[in-house]
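Work through the exercises below with the sequence and the coordinates at hand. Each task is followed by a stepwise solution.

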Amino acid sequence: QVQLVESGGGLVQAGGSLRLSCAASGRTFSMYAMGWYRQAPGKEREFVAAITWSGFSTDYADSVKGRFTISRDNAKNTHYLQMNSLKPEDTAVYYCAAYNSRGYGTTPNSWGQGTQVTVSS
């Protein structure tokens, strides 16, 4: 089982940027796809972005394409979510996720504790 710890959330004005980090431990990080999900108040958790084990392929929700970038550093067992041009509707608890495969075509099987991102208008 992998352990995931997020950091980097906070309060930012609309148009600003934040970078989330997710440190993984407990298994060989470089062998698995990783992702980010978010959950806004009163809404279900939704997919934000994912990256394959190699980092060569990524996927994004339509709502964040062109503004968010997912990346990973396998040497540091960490993956990241760079969020630019933030909007109030991006306000949510962001969760990092680990897949049990090299690709992200399945449901994640491990989750971090979540980090709050609040975007003020």
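**Exercise 1: Histidine 79**

Histidine 79 lies in strand β8. The model is a predicted one. Task: decide whether histidine 79 is buried or exposed, and find what its side chain reaches.

Solution.
1. The relative accessibility of histidine 79 is 0%, and the cut-off for buried is under 20%, so histidine 79 counts as buried.
2. Leaving out residues up to four places away in sequence, histidine 79 touches Leu20, Ser21, Cys22, Phe29, Met34, Gly35, Trp36, Ile70, Ser71, Arg72, Cys96 and Ala97.
3. The side chain of histidine 79 reaches the backbone oxygen of glycine 35 at 3.1 Å.
4. With the side chain of tryptophan 36, the side chain of histidine 79 makes a polar contact of 3.3 Å.
5. As a distance check, the C-alpha atoms of histidine 79 and glutamine 1 are 17 Å apart in space, with their positions 78 residues apart in sequence.

**Exercise 2: The open sheet**

Task: give the strand order of the open sheet with 4 strands, and explain why one side of each edge strand has no neighbour in the sheet.

Solution.
1. The order is β1-β3-β8-β7, and the pairing is antiparallel.
2. The edges are β1 (3–7) and β7; each has a single partner strand, so one side of each is left without a neighbour in the sheet.
3. On average, neighbouring strands of this sheet are turned by 15° against each other, direction ignored.
4. Between β7 and β8 there are 6 bridges, in the antiparallel sense.
5. For one register point, take aspartate 73: its bridge partner is threonine 78 in β8.

**Exercise 3: Strand β9 and its partners**

Task: find how many bridges join β9 to β4, to β11 and to β10, and state how far β9 is enclosed.

Solution.
1. β4 and β9 run antiparallel and are joined by 6 bridges. In this pair, methionine 34 has alanine 98 in β9 as its bridge partner.
2. β9 and β11 are also antiparallel, with 3 bridges. Here tyrosine 94 is partnered by threonine 115 in β11.
3. Strand β10 (residues 110–111) pairs with β9 over 2 bridges in the antiparallel sense. Alanine 97 stands opposite tryptophan 111 of β10.
4. Of the 7 residues of β9, 6 are buried, so β9 is largely enclosed by the rest of the structure.

**Exercise 4: The disulfide**

Task: locate the cysteine pair that forms a disulfide and give its S to S distance.

Solution.
1. Applying a sulfur–sulfur cut-off of within 2.5 Å gives a count of 1 disulfide.
2. The pair is cysteine 22 and cysteine 96, with S to S at 2.1 Å.
3. This pair links distant parts of the chain: cysteine 22 belongs to strand β3 and cysteine 96 to strand β9, 74 residues apart.
4. The link of cysteine 22 and cysteine 96 is right-handed, with 45° about the S-S bond.
5. Both cysteine 22 and cysteine 96 are buried.

**Exercise 5: The nonpolar cores**

Task: which residues touch the most other members of the largest nonpolar core, and which elements give two or more residues to this core?

Solution.
1. The largest nonpolar core has 28 residues, of which Leu4, Trp36, Val48, Phe68, Leu81, Met83 and Tyr94 touch the most other members.
2. Two or more residues of this core come from each of β3 (18–25), β4 (34–39), β5 (46–51), β7 (68–73), β8 (78–83), β9 (92–98) and β11 (115–120).
3. Another core, of 5 residues, lies apart from it; Tyr37, Ala50, Ala97 and Tyr99 are among its members.
4. As background, nonpolar side chains tend to be buried together in soluble globular proteins.

**Exercise 6: Aspartate 90**

Task: place aspartate 90 in the chain, and identify its side-chain polar contact with an arginine.

Solution.
1. Aspartate 90 is in the loop between β8 and β9.
2. Its relative accessibility is 1%, so aspartate 90 counts as buried.
3. The side chains of aspartate 90 and arginine 38 are joined by a polar contact of 3.0 Å.
4. Not counting residues up to four places away in sequence, aspartate 90 touches Arg38, Arg67, Phe68, Ser85, Val117 and Val119.

Conventions. Residues are numbered from 1 along each chain as its sequence is written. This is a predicted model: local features need pLDDT of at least 70, side-chain atom pairs count only at pLDDT 80 or more; totals for chains, interfaces and linings use all residues. Side-chain values use heavy atoms; hydrogens and water are left out. A nonpolar core is a set of buried Ala, Val, Leu, Ile, Met, Phe, Trp, Tyr and Cys residues joined through side-chain atoms within 4.5 Å. Buried means under 20% relative accessible area, exposed over 50%, partly exposed in between (1.4 Å probe, protein chains only). Two strands pair if DSSP finds at least two bridges between them. Axes are lines fitted to C-alpha atoms, for helices over the stretch in contact, and angles run from 0 to 180 degrees between N-to-C directions. Contact means heavy atoms within 4.5 Å. A polar contact is a pair of N or O atoms within 3.5 Å; within protein, one must be able to donate a hydrogen and the other to accept it, and residues adjacent in sequence count only if both atoms are side-chain atoms.
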